[in-house]
Amino acid sequence: MLSDHPLASFWSLDPDTTYLNHGSFGPSPLPVQQARAAWSTRLERQPMRFFCQEMEAELDSAAAVLAGFLKTQPERLALIDNATVAMNVVAASIDLKPGDEILINDHEYGAVKNIWQARCRESGARLVTATLPFPPTAADIVTALESAITPKTRLIVVSHVTSATACILPIKAICQMAQSHGIPVCVDGPHAIAMLDVNLNDLGCDYYCASGHKWLCGPFGSGFLWVHPRHHSSIRCPVISWGGSIAGRPATWKDRTNWLGTRDPAPLLAMADAVRFFTPERLQQYRQHAHALVSHARRALLDRPGVGTFCTPDQSDFVSMAAVELPQPPGWKPGYHGSPDPLQIELRDMHKIEIPVGAWNGHRFLRVSAHLYTTPTDIERLLAAL
Ligand SMILES: Cc1ncc(COP(=O)(O)O)c(C=O)c1O
């Protein structure tokens, strides 16, 4: 039986909007918003003390809370604005020669492709895109990536949960396969944090980039970069600043990203409050509540003429976000990022429903997200509008 969740009242979403796009921009519950505001207030009261004496220790404390959640050591985790910045740090840290190859796949996020395309262009390396089976199955995904490896492959970049296609990839198996070839793996993981149990030490990857504002409901402008200790000394930040400890502490690799010029670290520090908000019980409640709503929406959509399953053919293939394939109207052309499908605009402007309708590899899709604040009425509104 679908019902509203009592924790929905913790969110401050506009009651006039039906918000079904947590997967792109995930709002925070009030305790996290308040914690972020409190950090900014503390900074404004005594900036010298905060920046020069307190900030590094506070970043360490927040990293320790996040590290506990992700089953790793805080020394491996640098808090950083978002997954995009983290990925840029990894791209700046990998030595590439002309002819070297970076291996991605056709489900990777557009901005991530851009980062590696730019890095390959400047170094003379080549960006190789493996085509994953569609719809993907775990063993076939590993095989597809393995067959694209050559003696020149220097790094595999792969999403933990893909963006457009909302597909959970078998990261541990991919890392095991990559390790057998001696190739490091960089995981693009913003959607996996809180959606899945992530044990960073156990995954077997070399780098893990994530944003806090997705399923963890951390503040906008919060994220992290996890780096295996074997790569700490080679981490370089594309934003060059002082590069040392501002409080005069012994140097660590995180000094290269902790101080990126003067900025408000409140979102980074309040990420710890998002972790505290999600007690193990609440985490389970979010996953169950969101899965029930997304499953209901997906099933109802699949009953409509021309709508088909996309990359998640089974109920167990997704948690709180799933995409379905939509029919293509005559003359339909894949849009670009920033020029959404007319259906997305119509749902937004005529029905006040925020939900992404996009194009991927010649397919037209609609992606539904739900979180603790999503109600059965939200889903009914979507179904009625469609
Ligand atoms: C798979 C994936 N990677 C990276 C990003 C970039 O995240 P951010 O904009 O928070 O840096 C996103 C954002 O939607 C994403 O879905």
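In what order do the strands of the open sheet of 4 strands follow one another? The legends below lead up to that view and beyond, and the model they describe is a predicted one.

**Figure 1. A sheet of 4 strands, with a helix packed on it.** The strands of this open sheet come in the order S9-S10-S13-S12, and their pairing is antiparallel. At its edges are strand S9 (308-309) and S12, each of which pairs on one side only. Helix H11 packs on the sheet and touches S9, S10 and S13. Compare the direction of H11 with that of S10: the two make an angle of about 10°. Inside the sheet, S10 and S13 are joined in the antiparallel sense over 6 bridges. To find one such bridge, start at Leu326 and look across to S13, where Arg364 is its partner. As a reminder for newcomers, strands of a sheet pair through backbone hydrogen bonds, either parallel or antiparallel.

**Figure 2. The whole chain, to get your bearings.** Step back for a moment and you will find 13 helices and 13 strands in the chain. The radius of gyration is 21 Å, close to the 21 Å that the globule rule gives for 386 residues, so the chain is as compact as a globular protein of that length. Its C-alpha trace spans about 65 × 55 × 35 Å along the principal axes.

**Figure 3. Two domains and the place where they touch.** According to the domain assignment, domain 1 covers 6-20 + 280-385, while domain 2 covers 32-277. A distance of 26 Å separates the C-alpha centres of domain 1 and domain 2. Domain 1 brings 19 residues to the contact, and domain 2 brings 15. On the side of domain 1 that touches domain 2, helix H11 (280-302), strand S10 (321-326), strand S12 (357-360) and strand S13 (363-369) each supply at least two residues. Which of these elements gives the most to that side? It is S10, with 3 residues. Sorted by class, this side of domain 1 has 11 nonpolar, 5 polar and 3 charged residues.

**Figure 4. A sheet of 7 strands with mixed pairing.** Here the order to follow is S2-S8-S7-S6-S5-S3-S4, in a sheet that is open. Strand S2 (77-80) and strand S4 (126-130) form the edges, each pairing on one side only. On average, neighbouring strands of this sheet are turned by 20° against each other, direction ignored. Within the sheet, strand S5 (residues 153-159) and strand S6 (residues 185-188) run in the parallel sense and share 4 bridges. One spot to look for is Ser159, which stands opposite Asp188 in S6. Lying across S2 and strand S8 (223-227) is helix H2 (residues 47-69), which runs at about 115° to S2.

**Figure 5. The residues around the ligand.** How many residues surround the ligand? There are 13, and those that come nearest are Asn82, Thr84, Tyr109, Ser163 and Ser211. Two helices to pick out are H3 (83-93) and H4 (110-123), each of which supplies at least two residues of the shell. By class, the shell is made up of 5 nonpolar, 7 polar and 1 charged residues.

**Figure 6. Two backbone details in loops.** Most residues other than glycine have a negative phi, and most peptide bonds are trans. With that in mind, look at the bond from Phe134 to Pro135: this peptide bond is cis, with omega near -10°. Pro135 sits in the loop between S4 and helix H5 (138-147). The other detail is at Lys352, which has a positive phi of about 55° although it is not a glycine. You will find Lys352 in the loop between helix H12 (342-351) and strand S11 (353-354).

Technical notes
Residues numbered from 1 in each chain as written. Predicted model: local features only at pLDDT ≥ 70, side-chain atom pairs only at ≥ 80, totals over all residues. Near = placed C-beta within 6 Å. Nonpolar A, V, L, I, M, F, W, Y, C, P; charged D, E, K, R; others polar. Pairing = 2+ DSSP bridges. Axes fitted to C-alpha atoms, helices over the stretch in contact; angles between N-to-C directions. Contact = placed C-beta atoms within 7 Å. Domains from an automatic or database assignment. Rg over C-alpha atoms; globule rule 2.2 N^0.38 Å.
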